[in-house]
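Here are a few exercises to work through with the model open in your viewer. Try each task before you read the solution.

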Amino acid sequence: MSPIARWTSTKARIGAADPGPHCRVQLIAGWCHKRQDGCNLTSAGRPESGLRIDVKANVGAIELTFLGTRGEIKIRSRRHRRHSSLLVHYKNTRIMIDCGADWLGQLRAVAPTAIVLTHAHPDHASGLAEGAPCPVYATKETLNLLHRYPIRDQHRLALRKCVTIGGVRFEALPVRHSIRAPAVGYRVSAGNCSFFYSPDVAELRNVLAALGGIDIYIGDGATMRRPMVRKKNGTVIGHAPITSQLGWCERAGVRRAIFTHCGSSIVRGDSRQVEKIVRLLGLEHRVDARIAYDGLTLPIDPDFGFAGAVRGYPQVANR
């Protein structure tokens, strides 16, 4: 059975296209089934209510949990309630990438062993306004912008140089997004698995250096087709549309992409229709494209068969 067909049949067993706040799910080789053990994310019905995460060490492959998938917008939905943040599980390591304002006071529940920041905007860093229970890694520019935060254990990341955190390798690469809060994307790898994470990006400076050889691209879902970019002092800032990012993936030979940091059109839209549009956009670039949602867990599987996914697209996209 192809990964997409497996996703379709499993989704039918779950019986919900829009999982509720207590649904425990896992993304397998690309897509979704109920999880029986491991690290599960649940939360109460209201976005501002308490969060509970069952902590269990993940042994072996990299496993990603999308703690939050909402961009810096006012509206929320059941699928997209909290500011975008990714939890990387590898063996006994739990690394949280970004910690926006929605995560203030929630870090004990997440229990990260380290926090890595892409940039200093409030929806990516203000969850650290009262400090952090673990080491925090970021570029010099980001840490300087957060100098008022009582972060005791700070580690500076140099651009284009790898650092290993609990067996997981991070390489910070500059991306165009903001002048006041310079952003980076991360090439992340452990074992033979790798991904690139860039939740806020207007322009990727060197596509091949950033994306070459990765298993999955995790990008900016602020807008699907409409560019939200402009030039300021000759520098491109804002958010590239999903269509542009899929073009980057096609150019670098990346065959899977999932988008977080979702904007208004995705958050307020019908989830089935949004998924259909994004998958069809991906098909135009030979990329298996999806939208992430809060609580989704994705084991990175380098043996994922893209050819099977392409064969499965029509039956999913046209349902």
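**Exercise 1. Count the disulfides, then look at two cysteines.**

This is a predicted model, so treat the geometry as a prediction throughout.

Step 1: Recall that a disulfide is a covalent bond between the sulfur atoms of two cysteines.

Step 2: Search for cysteine sulfur pairs within 2.5 Å. The count comes to zero disulfides.

Step 3: Check where two of the cysteines sit. Cys-193 has 5% relative accessibility and counts as buried, because the cut-off for buried is under 20%. Cys-249 is buried as well, at 0%.

**Exercise 2. Decide which parts of the model to trust before reading anything into them.**

Step 1: Start with the whole protein. Its mean pLDDT is 78, and 72% of the residues reach 70 or more.

Step 2: Go to the extremes among the elements. Helix 9 (residues 306–317) has the lowest mean pLDDT, 30, while strand 8 (residues 114–116) has the highest, 98.

Step 3: Mark the weak stretches. Residues 1–50 have pLDDT below 50, yet this stretch has 128 contacts in the model beyond near neighbours in sequence. Residues 304–319 also fall below 50, with 36 such contacts.

**Exercise 3. Sketch the overall make-up of the protein.**

Step 1: Tally the secondary structure: nine helices and 21 strands.

Step 2: Look at burial. Of the 319 residues, 59% count as buried.

Step 3: Look at the surface. The accessible area is about 13200 Å², and carbon and sulfur atoms hold 49% of that.

Step 4: Ask how far along the chain the contacts reach. Taking contacts with a separation of 6 or more, 57% are between residues 24 or more positions apart.

**Exercise 4. Find the largest nonpolar core and say which elements build it.**

Step 1: Locate the core. The largest one has 31 residues, and Ile-62, Leu-64, Leu-86, Phe-170 and Phe-195 have the most contacts inside it.

Step 2: List the contributors. Elements giving two or more residues include strand 5 (58–68), strand 6 (85–91), strand 12 (168–176) and strand 14 (193–197). Strand 13 gives the most, with four residues.

Step 3: Zoom in on Leu-86. Leaving aside neighbours within four places in sequence, Leu-86 is in contact with Leu-64, Thr-65, Phe-66, Ile-95, Met-96, Ile-97, Phe-195, Tyr-197 and Ile-218.

Step 4: Don't stop at one core. A second, separate core has 30 residues, among them Ile-214, Met-224, Leu-246 and Cys-262.

**Exercise 5. Place strand 13 in its surroundings: which strands does it pair with, and how enclosed is it?**

Step 1: Take one side. Strand 12 and strand 13 run antiparallel and are joined by seven bridges. Ala-172 has Tyr-186 of strand 13 as its bridge partner.

Step 2: Take the other pairing. Strand 13 and strand 14 also run antiparallel, with five bridges. Tyr-186 turns up again here, with Tyr-197 in strand 14 as its bridge partner.

Step 3: Follow the turn. The hairpin of strand 13 and strand 14 has two residues between the strands, and Gly-191 in this hairpin takes a positive phi near 60 degrees.

Step 4: Add burial. Seven of the eight residues of strand 13 are buried, so the strand is largely enclosed by the rest of the structure.

**Exercise 6. Compare two non-glycine residues with a positive phi.**

Step 1: Set the expectation. Most residues other than glycine have a negative phi.

Step 2: Take Asp-98. Its phi is positive, about 75 degrees, and its place is the loop between strand 7 and helix 2 (107–110). Asp-98 is buried, at 0% relative accessibility.

Step 3: Take Ala-111. Its phi is positive too, about 55 degrees, and Ala-111 lies in the loop between helix 2 and strand 8. At 30% relative accessibility, Ala-111 counts as partly exposed.

**Exercise 7. Work out what Pro-150 packs against.**

Step 1: Find Pro-150 in the loop between helix 4 (140–145) and strand 10 (154–157).

Step 2: Check exposure. Pro-150 is partly exposed, with 45% relative accessibility.

Step 3: Collect the contacts. Not counting residues up to four places away in sequence, Pro-150 touches Leu-128, Ala-129, Glu-130, Gly-131 and Ala-132.

Step 4: Put a distance on one of these. Pro-150 and Gly-131 are 19 residues apart along the chain, with their C-alpha atoms separated by 4.7 Å.

Note on methods
Residues numbered from 1 in each chain as written. Predicted model: local features only at pLDDT ≥ 70, side-chain atom pairs only at ≥ 80, totals over all residues. Heavy atoms only, no water. pLDDT = per-residue confidence, 0-100. Contact = heavy atoms within 4.5 Å. Buried < 20%, exposed > 50% of the residue type's maximum accessible area, 1.4 Å probe, protein only. Core = buried A, V, L, I, M, F, W, Y, C linked by side-chain atoms within 4.5 Å. Pairing = 2+ DSSP bridges. Areas by Shrake-Rupley, 256 points an atom, 1.4 Å probe, with all protein chains shown as cover.
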